[in-house]
Amino acid sequence: MKRLRHLFPGRQLVVGIPFVWLLLFFLLPFAIVLKISFSEAAVAIPPYTEIFTYVDQQLKILANLNNYVFLGQDELYLSAYLGSLKIATVGTLFCLLIGYPMAYAIARASKEMQTVCLLLIMMPTWTAILIRVYAWMGILGNNGLLNSVLQGLGLIDEPLRILNTDLAVYIGVVYSYLPFMVLPLYANLVKHDPSLLEAAADLGAHPLASFWRITVPLSKNGIVAGCMLVFIPVVGEFVIPELLGGPQTLMIGKVLWQEFFNNRDWPVAAALAVVMLAILLVPIILLNRNQAKELEGRL
Amino acid sequence: MKHFGKTLLALSLGMLAACDKPAESDSKKEETPGAAAPAAAPAGKTLHVYNWSDYIGENTLANFSAESAIQVVYDVFDSNEVLEAKLLAGSSGYDVVVPSNPYLAKQIKAGVFQKLDKSKLPNWANLDKDLLKALELSDPGNQYAVPYMWGTVGIGYNVDKIKAVLGDKAPLDSWDLVFKPENIAKLKACGVSFLDSPTEMLPAALHYLGYAPDSSKPEELKKAEELFLKIRPSVAYFHSSKYISDLANGDTCVAVGYSGDIYQAKARAEEVGNGLKIAYSIPKEGAGSFFDVLAIPADAKNVAEAHAFINFLMKPPVIAEITNEVHFPNGNAAATPLVDEAIRTDPGIYPSQAILKKLYTFPDLAPDVQRTMTRSWTRIKSGT
């Protein structure tokens, strides 16, 4: 192995690219946000104080922890975090319930059908998410498509109030993030060896039992990957609750917007973002562990 | 002073615009009429303008380019917050921007703008002296900003529906219509909306309760919050632009909103011919007023062109044409006789002297008051 590496120095370069990427587009912006979160709001450009001062060969760092203390003092922020986590959890669950059968069916279809189905799954993402969420506003509104159809069929008399409720947010979340659940699940399910199920059938297992005891455990990694891909971005989601949610939909993205724009308090907004990242780190670490385990298992 | 939702709409429409509606309404990179104007500028002379959506005349920019040989790159926004975030981040890239007065003072203090060179603004003499004086609250000495349009925050309503619900004695010219729980409770069925803006709605409640609209006393703000909590169950929604179409379609029957927007709703209803009569009133108790001003960012690159554009907008025929289109009164005294009579004599657009005296301006808020108001507004809207 060692000799191979010496033969191809480019290899290190290739491995280095993701690290440079991470450094430039994650660590550096995060460091800036972290820095802002320790400053104080000010009337200036940019609207916060510097935390580093260099006077008389002395580098002074003035880190202001008040922004974090402040987040703990008002129950608004806790409710917003909990609201985001609730919507992300329920949304992820529904994505899984809907996405798993879809991925399963696609993985069992013929090769040509698989290509077509995957294309169909991905096709909506070719349109900007904003326009798709706006389309939902048109569908779910009081005079929207859904209510017109239901009323036209005589199923309901009064229009259903869906737009501007949490239900609309769930619909938007599940719709927007379903592809991110289906694709990793499909990638996992398509690799399963059908002979395992045949063997189970030969040994007298009911199809449901073999599904539950063979397919589901084998697809665990796909489930975890899909859930993470849905859960993490939904926690920070802003567009969907803003457009489809009502005033009672409390999510951290909206509160962050308020701090940044309404209160022009960039430091508190930055502190909110840092805490949100800390919360998200938990599932990300779990995902990493899981992948590490999988790799070990393969070796 | 509108809302982020509309910005999103503007962005998405911008994407659609290519195939659908090239030079109309909210599209983000709305027309670049300078480029469209025949034989416009010799390359190089450009001007970047950032203005509110639907806030300029159809031919204004083309006329300017034809006259001055300056090409205008015209972008639009629909919320002061978005404009401010860009200005505070620095290097916005714009040469002329249009903030509203409550934001102006703080932006001047932050060093966002450069002083105007009045020697390059000979049309300054056309401006309304009273308005300039009022503006000095935010811009002492009128050094940084030129008044563009102004307007009021009052009540828009569907004439027939209100009559059906409240009868002939409905207090159409009073805040009682929406702030008296028994009135608004009756209107709930046909839909009442408020602006989604703590800094414009809480002063209205403070004023209605007899306090100073710019009060920063916690106990008075608390009272204003309580008033809103009392009527909250009867409010359909809080939003700062959606009410235009809802009022025009008949989805709602009362909207507390910006004067020009309500007139837009009225014009839309007339265009569609759905028989809905929309009217606007400035409540007799008085109402909030705002000025939108033209200003030049400190780091603007085309300062001479920016002055030329601002001077152009201060020409009476030019600004009168814009008012005719957007239904907001302008800050140009010499232009008033040139404005369409129907607009000039409409008390909702050009208020009477008696009402003018009762208007108040939205204050420049200290950060902690701003935070208290935002927090209070969240409590009103979400109960948290």
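**Two chains of a predicted model: domains, cores and contacts**

Chain B is divided into domain 1 (4-144 + 290-350) and domain 2 (152-287 + 361-382), with bounds that come from an automatic or database domain assignment. This is a predicted model, in which local features need pLDDT of at least 70 and side-chain atom pairs count only at pLDDT 80 or more, while totals for chains, interfaces and linings use all residues. Residues are numbered from 1 along each chain as its sequence is written, and chains are lettered from A in the order in which they are written.

Student: Which element gives the most to the side of domain 1 of chain B that touches domain 2 of chain B?

Tutor: The contact between the domains, counted where C-beta atoms placed from the backbone lie within 7 Å, takes 16 residues from domain 1 of chain B and 13 residues from domain 2 of chain B. On the domain 1 side, α1 and α5 of chain B each supply at least two residues, helices being DSSP runs of H or I with at least four residues and strands runs of E with at least two, numbered from the N terminus. The most, 4 residues, comes from α5(B).

Student: Is B:Ile108 buried or exposed?

Tutor: B:Ile108 has its place in helix α5 (residues 101-109) of chain B, and, leaving out residues up to four places away in sequence, B:Ile108 touches B:Phe113, B:Asp139 and B:Tyr144. A residue is buried if 20 or more other C-beta atoms lie within 10 Å of its own, exposed if 12 or fewer, and partly exposed in between. Because B:Ile108 has 21 C-beta neighbours inside 10 Å, B:Ile108 counts as buried.

Student: Where does the largest nonpolar core lie with respect to domain 1 and domain 2 of chain B?

Tutor: A nonpolar core is a set of buried Ala, Val, Leu, Ile, Met, Phe, Trp, Tyr and Cys residues joined through C-beta atoms within 7 Å, and among the members of this one, which has 106 residues, B:Val254 and B:Phe309 are included in the group that touches the most other members. Its largest share, 7 residues, comes from strand β4 (residues 146-158) of chain B. Since both domain 1 and domain 2 of chain B give residues to this core, it lies between them.

Student: Which element of chain B gives the largest share of the side that touches chain A?

Tutor: In the contact between the chains, 30 residues of chain B meet 28 residues of chain A. The elements of chain B that give two or more residues to this side are α1 (4-17), α4 (80-89), α5, β6 (237-238) and α18 (367-382). The largest share, 8 residues, comes from α18(B).

Student: What is the radius of gyration of chain A?

Tutor: Chain A has 14 helices and 2 strands, and along its principal axes its C-alpha trace spans about 80 × 75 × 30 Å. The globule rule, which is 2.2 Å times the number of residues to the power 0.38, gives 19 Å for 299 residues, so chain A is more spread out than a compact globule. Taken over C-alpha atoms, its radius of gyration is 24 Å.

Student: How far apart do the end C-alpha atoms of residues 80-104 of chain A lie?

Tutor: Residues 80-104 of chain A are one of the spans covered by the UniProt annotation "transmembrane region", which comes from an unreviewed entry and may be inferred rather than shown by experiment. The span is 100% helix and 0% strand, and its end C-alpha atoms lie apart by 35 Å.

Note on methods:
Two residues are in contact if their C-beta atoms, placed from the backbone, lie within 7 Å.
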